[in-house]
Amino acid sequence: MSKILIRGARVLGGEPQDVLIDGETIEAVGSGLSADGAEVVEAGGKVLLPGLVDLHTHLREPGREDSETVLTGTRAAASGGYTAVFAMANTFPVADTAGVVEQVYRLGQEHGYCDVQPIGAVTVGLEGRKLAELGAMHESAAGVTVFSDDGKCVDDAVIMRRALEYVKAFGGVVAQHAQEPRLTEGAQMNEGVVSAELGLGGWPAVAEESVIARDVLLAEHVGSRVHICHLSTAGSVEIVRWAKSRGIDVTAEVTPHHLLLTDELVRSYNPVYKVNPPLRTERDVLALREALADGTIDIVATDHAPHPHEDKDCEWAAAAMGMVGLETALSVVQETMVDTGLLTWAGVADRMSVKPARIGRAAGHGRPVSAGEPANLTLVDTEYRGQVDPAGFASRSRNTPYEGRELPGRVTHTWLRGKATLVDGKLT
Ligand SMILES: [Zn+2]
C-alpha cells in the first residue's frame, strides 16, 4: 500500500508536525519528515485528531432504509470525522439475536466507510420483559460488548439487575436510556415554564434522574459497569458525580444538541427540535458543558437519529423524536466547548475518540497519534466558519436543527486504517 505524508498538522491542537502513514499504520510523527514516495497532504495548520468514535448511532438498517442505511450512515460518519460507530439495536427486526447483529456487522465491513460495531438489545424485542441472548451476541462474529434498549428504558429493576450481572461475566456494559415510562406518558417536551405556557405534555427531569439514581446503585450492588445515554439535566450530572465519587463504575454521555440548544426553541413549534430526551433549559446546558469539561460526563455521543421528512414535517404532536448529528457533532463541540475555552483539542480527542473507544472496546480506535498505531485519523479545519446546509449531507435524512446556523470547523479528511474515506471534504 502507498504512503501518505500529512504535512504541517497540529496533532491534538499542538505545534505543527508531519505524520507519515505507511499502509494501515502511522510510521512516524515528527518535523521535516521525508515525502519520498509518499502522497502529500498539506495540512496547513489544521488540527489532526484520532478518528472519532460514536457510541450512539441509529443506522436504521434493517427495516427503516427509507431514513438511513449502513452505507449512508457510515458515509455520514466519515464526513463528520468518525472512523467507528456503534449501531443502536432498535431496528426492524430488533438486534436481539446473534443473527441480526452479525448482519449489521457484515454490512459495515462491506461498505467500509467506518467500522460498525453493533449494539445488542438488552431485552427481547425491546419489550423490557425477557433478557435477550446477550451471551450469544457477545460470542458471535460481531463480538457485542455494549447492550441497550435505547429508545426505551429498561425500567424493570430486576431485569436491569440481571442484565448487569450477565454482562459482568465478559466485561460488557449496559447502556441505559433513562426514562421512567409512567412519568413521561404523553410527554412532548421538557416539563417547565415553556411547556406550561405552550400547554404541551411535560417530560420532567426527575423521570431521567430517578432511573439514573437507581441504576448506579444497582451497578454498585452487583459490581458491574453501567453507561448512561444522553444525560440531559443538571440533576443527572449531580447523581453521576456522586456515583463516581463513591467509586461506582459508571460512565455517561451527552449529545451535541444538549450542549447547545434549549427548550425555548420549542416555541417555534418546529418539530426539528423534538427529541428524546427533550431539549432542557439554559441551566441544564451549562451544567452539561461543565460536566463534560471536568470529566463527570465521559463522552460526547451523537444519538444520530435520522427520520424521513414525512415523519418530521408534520405537526409537533405527531412528529417523530430525534435529530441527525454525525455530520455536525464536531462543529457543535467546537462551538460549545473549544471556542468557549472549556476543552482543548486534546480534550476533544479524549471525549470523542479515546473514551468512547474504551467504553465500547473498539479495538484500534481512540489510540494515540504516534508511530506504530493504526492510521485512524481525522483532519479538521478549525478556522472555517459556514452555514449548515443539509442538502450537502451524506445521510439519507435531513432532520438537523442547525439548518442555516453558522457553526465553526469543518472536517476535510478522514482515514480509516490508512485508507482515505474523506478527501478535501468529499467522500471517496
Ligand atoms: Zn435514547
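## A buried threonine in strand S16

Let's start with Thr 378, which sits in strand S16, a stretch covering residues 377-387. This is a predicted model, so keep that in mind throughout. How buried or exposed is Thr 378? Its relative accessibility is 0%, and because the cut-off for buried is under 20%, Thr 378 counts as buried.

As for its company, the side chain of Thr 378 reaches the backbone oxygen of His 413 at 3.2 Å. Setting aside neighbours within four places in sequence, Thr 378 is in contact with a run of residues from Val 47 through Leu 48, Leu 49, Pro 50 and Gly 51 to Leu 52. Gly 81, Val 411, His 413 and Thr 414 are also in contact with Thr 378.

## The zinc site

Which residues hold the zinc ion? Asp 150 coordinates through OD, His 177 through ND1 and His 230 through NE2, at 1.9 to 2.2 Å. Written as a sequence pattern, the spacing of these donor residues is D-x26-H-x52-H. Asp 150 and His 177 link distant parts of the chain, as they are 27 residues apart. Asp 150 is in the loop between strand S9 (146-147) and helix H4 (157-168), while His 177 is in the loop between strand S10 (173-176) and strand S11 (189-190).

If you are wondering about exposure, Asp 150 is buried, and His 177 is buried as well.

## Helix H7 and its two partners

Two packed helices are described by the angle between their axes and the distance between the axes. Take helix H6 (residues 205-222) and helix H7 (residues 234-245): they pack at an angle of about 10°, and their axes are 9 Å apart. H6 and H7 are therefore roughly parallel to each other. On the H6 side, the contact is made by Glu 208, Glu 209, Ile 212, Ala 213, Val 216 and Leu 217. H7 brings Gly 235, Ser 236, Ile 239, Val 240, Trp 242 and Ala 243 to that contact. By type, the residues where H6 meets H7 come out as eight nonpolar, two polar and two charged.

H7 also packs with helix H9 (residues 282-294), this time at an angle of about 30° and with axes 8 Å apart. That angle makes H7 roughly parallel to H9. Here H7 uses Ala 234, Val 237 and Arg 241, and H9 uses Arg 283, Asp 284, Ala 287, Leu 288, Ala 291 and Asp 294. What kinds of residues make up the contact of H7 with H9? The split is five nonpolar, no polar and four charged.

## Backbone quirks in the loops

Now for the prolines. The peptide bond running from Glu 61 to Pro 62 is cis, with omega near 5°. Pro 62 has its place in the loop between strand S6 (52-57) and helix H1 (70-79). Another cis peptide bond joins Phe 92 and Pro 93, where omega is about 0°. You'll find Pro 93 in the loop between strand S7 (82-87) and helix H2 (98-111).

Positive phi values turn up too. Asp 303 is not a glycine, yet its phi is positive at about 50°. Asp 303 is in the loop between strand S15 (299-300) and helix H10 (309-312), and at 7% relative accessibility it counts as buried. Arg 361, likewise a residue other than glycine, has a positive phi near 55°. Its place is in the loop between helix H12 (345-360) and S16.

## Two more buried loop residues

Ala 95 is in the loop between S7 and H2, and with a relative accessible area of 4% it is buried. Not counting residues up to four places away in sequence, Ala 95 touches Ala 89, Val 100, Val 101, Ile 119, Gly 120, Ala 121 and Met 137. Lys 312 is 217 residues from Ala 95 along the chain, and their C-alpha atoms are separated by 25 Å.

Thr 328 lies in the loop between H10 and helix H11 (329-338). It is buried, with a relative accessible area of 7%. Which residues does Thr 328 touch, not counting those up to four places away in sequence? They are Val 388, Phe 393 and Tyr 402. Between Thr 328 and Cys 153, 175 residues apart along the chain, the C-alpha separation is 27 Å.

How values were computed:
Residues numbered from 1 in each chain as written. Predicted model: local features only at pLDDT ≥ 70, side-chain atom pairs only at ≥ 80, totals over all residues. Heavy atoms only, no water. Axes fitted to C-alpha atoms, helices over the stretch in contact; angles between N-to-C directions. Helix = DSSP H or I, 4+ residues; strand = E, 2+ residues; numbered from the N terminus. Parallel < 35°, antiparallel > 145°, perpendicular 65-115°, else oblique. Contact = heavy atoms within 4.5 Å. Nonpolar A, V, L, I, M, F, W, Y, C, P; charged D, E, K, R; others polar. Donors = N, O, S within 2.8 Å, 3.2 Å for Na, K, Ca; no water. Buried < 20%, exposed > 50% of the residue type's maximum accessible area, 1.4 Å probe, protein only. Polar contact = N/O pair within 3.5 Å; in protein donor to acceptor, adjacent residues only side chain to side chain.
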